[in-house]
Amino acid sequence: MRAPRFLPAGDAALLVELNSLGDVLALFQVAGAALLPGVTDLVPAARTLLVQFQPVQVASQAVVRWLQQCLTRASGAVDPSNGGERQVDIPVRYIGEDLDEVAERLGLDRTEVIERHTGSDFQAAFAGFAPGFVYLTGGDPCFLGLPRRASPRTRVPAGSVAAAGEFSAVYPSDSPGGWQLLGVTSARMWDLSRAAPALVQPGYRVRFRDLDKPSVCISLPEETALSSGQSAAAPVAAERAAPDEDPSVVKLEVRRAGVQTLFQDLGRPGLTGMGVACSGALDRTAARQANQLVGNKAGAVVLEHALGGLELVCHGQAVLAITGGQAPVVLTTASGVRLPAAAQRALTVTDGQILRIGQVRAGVRCYVAVRGGWAAAPVLGSCATDVLAGIGPAPIRAGDILAVGQGTELASPALDAAGAAPDASGGRDFAGRWDRADSLPQAGDEVTLDVVLGPRQDWFEPSALDLLLSQEWLVTPQSNRVGMRLSGAGALTRRKTQELPSEGTVIGAIQVPASGQPVLFLADHPLTGGYPVIAVVCSRHLDRLAQIPVGARLRFRPDK
């Protein structure tokens, strides 16, 4: 029996490695019942518990001591196959693409594989990968050790019933995946129209039922069943709200939305039990600054706009501010007369005036705040748009009418005479204190990022660690809010080639797939991952990641 290992996952998280899933669940129960102040989230996985914390509130050494105390109180491993009282029956048609291959690997025929998969209960152990994706343990022992596919599929259809390692699961939405596909279900695993969006939650018992057996007849409740021809991936984004017809409500009409414009706030922490990551604004400092300039609370909803091209027409009078990437800001009257305007300060925009953000010259993302906040519809308590999970308000399009909130997001009582929210020093222009334009990178620039090695640096050859820190890494066009795909002249080679059981991941994690070319996770990263993380970007440089363009070159520097 190996002693628990406490592995750094950056400077704001620890990965506790234990001997079994039962040990993980026991520690998760004890730690979750008495969280240490400063600890923000716990993410259980197959053999690990990811513990996230605020370094400004609590030191990592104190977190380790607290976890050691929790381990002494976790009297014994929780039996992950011992299901709870709530049982969910999932109807399955066993027509999966990998069924024959799985049967051959197990030395069984198709019928025997189906009988064994439906012959016993599973226990919902933990959530991860995507909202509604729950790892199911238990079942017939013949499935233990079933490997992932050598080459993952780029698209696994929603409703696919799959198995890999010691787990079974149902894909709640279309997504990439490397598990072995056994069948398909019509059950909606994730649906925000339900009071409890996840059909299966940790602690539930699950039983798969073969619909091709004459004796099996399952009647799913209407809210969990799919109608004919409907995708198993129920819509998860908030419906686009109709424009408020109240003439007293200030609105901004979107003439051009640019490449990508999203509603964002500071995210939805604390929902990892449903497989929901925090998400939120990539450059949180810029989002907070924009809100502070117009007198909002720091976490009020902003527009996150990539690369430039956003054009807004004001209907009424509003106070806006633009921060983040370096881009020209143009304010004109309806007749085209240009008015004074600049980023990094509050702007009063009156009826009929047009505000434009030009092409971003340095950095990537601009943030637009409006006094009173944007009146977006929250999803699971936040207006953040998570592009991987598909949760949150729909992306903004040309023709949309964006309403301004009615003051619930205000932080200060009044504007100064020029229409701006004063800062603590009495000035309304934050240039000099907030302006980071001089340091924002452009394509071709070299950007140095501080990293903490681990948690899985021991999975790599020593030469790979040297290469990670000595080689330039190009940011490729296959980059988005989920992560930046990097390309280097040399690939990072692994010392351990076995499969890594899925474990929690964090923003800034540098995950290395089989190709050896790393992926640097951003805000919409999957909650768990099955590739080793060689290092994690320090929290002080996370905002910088939001402003690194395609074509920039990264260097990683070990934190001291």
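**Cavities and a buried cysteine**

Q: Into what classes do the residues lining the largest cavity divide?
A: This is a predicted model, and its largest cavity has a lining whose residues fall into three classes. Phe 122, Phe 143 and Leu 144 are among the lining residues, and they count as nonpolar. The lining also includes Asp 140 and Glu 166, which count as charged. The full division is 6 nonpolar, 4 polar and 2 charged.

Q: Which elements give two or more residues to the lining of the largest cavity?
A: Let's look at the lining, which includes Ala 163, Ala 164, Phe 167 and Ser 168. Two strands, spanning 160–164 and 167–170, give two or more residues each. They are strand 9 and strand 10.

Q: What is the volume of the second largest cavity?
A: A search of the whole structure turns up 4 cavities of 30 Å³ or more. The largest has a volume of about 70 Å³. For the second largest, the volume is about 60 Å³.

Q: Which strands each supply at least two residues of the lining of the second largest cavity?
A: Glu 503, Gly 504, Val 533 and Val 536 are among the residues that line this cavity. Residues 503–504 form one of the strands in question and residues 533–537 the other. The names you want are strand 30 and strand 34.

Q: Is Cys 366 buried or exposed?
A: Cys 366 sits in strand 24, and its contacts beyond four places in sequence include Leu 303, Ile 322 and Val 360. Its relative accessibility is 1%, and the cut-off for burial is under 20%, so Cys 366 counts as buried.

Terms used:
Residues are numbered from 1 along each chain as its sequence is written. This is a predicted model: local features need pLDDT of at least 70, side-chain atom pairs count only at pLDDT 80 or more; totals for chains, interfaces and linings use all residues. Side-chain values use heavy atoms; hydrogens and water are left out. On a 1 Å grid over the protein atoms alone, a cavity is a set of points where a 1.4 Å probe fits but cannot get out, and a pocket is an open set with protein on both sides within 12 Å along at least five of seven lines; lining residues have an atom within 4 Å of a point. Grid points are joined across faces, edges and corners, and a volume is the space filled by probe spheres set on the points. Helices (H or I, at least four residues) and strands (E, at least two) are DSSP runs, numbered from the N terminus. Buried means under 20% relative accessible area, exposed over 50%, partly exposed in between (1.4 Å probe, protein chains only). Contact means heavy atoms within 4.5 Å.
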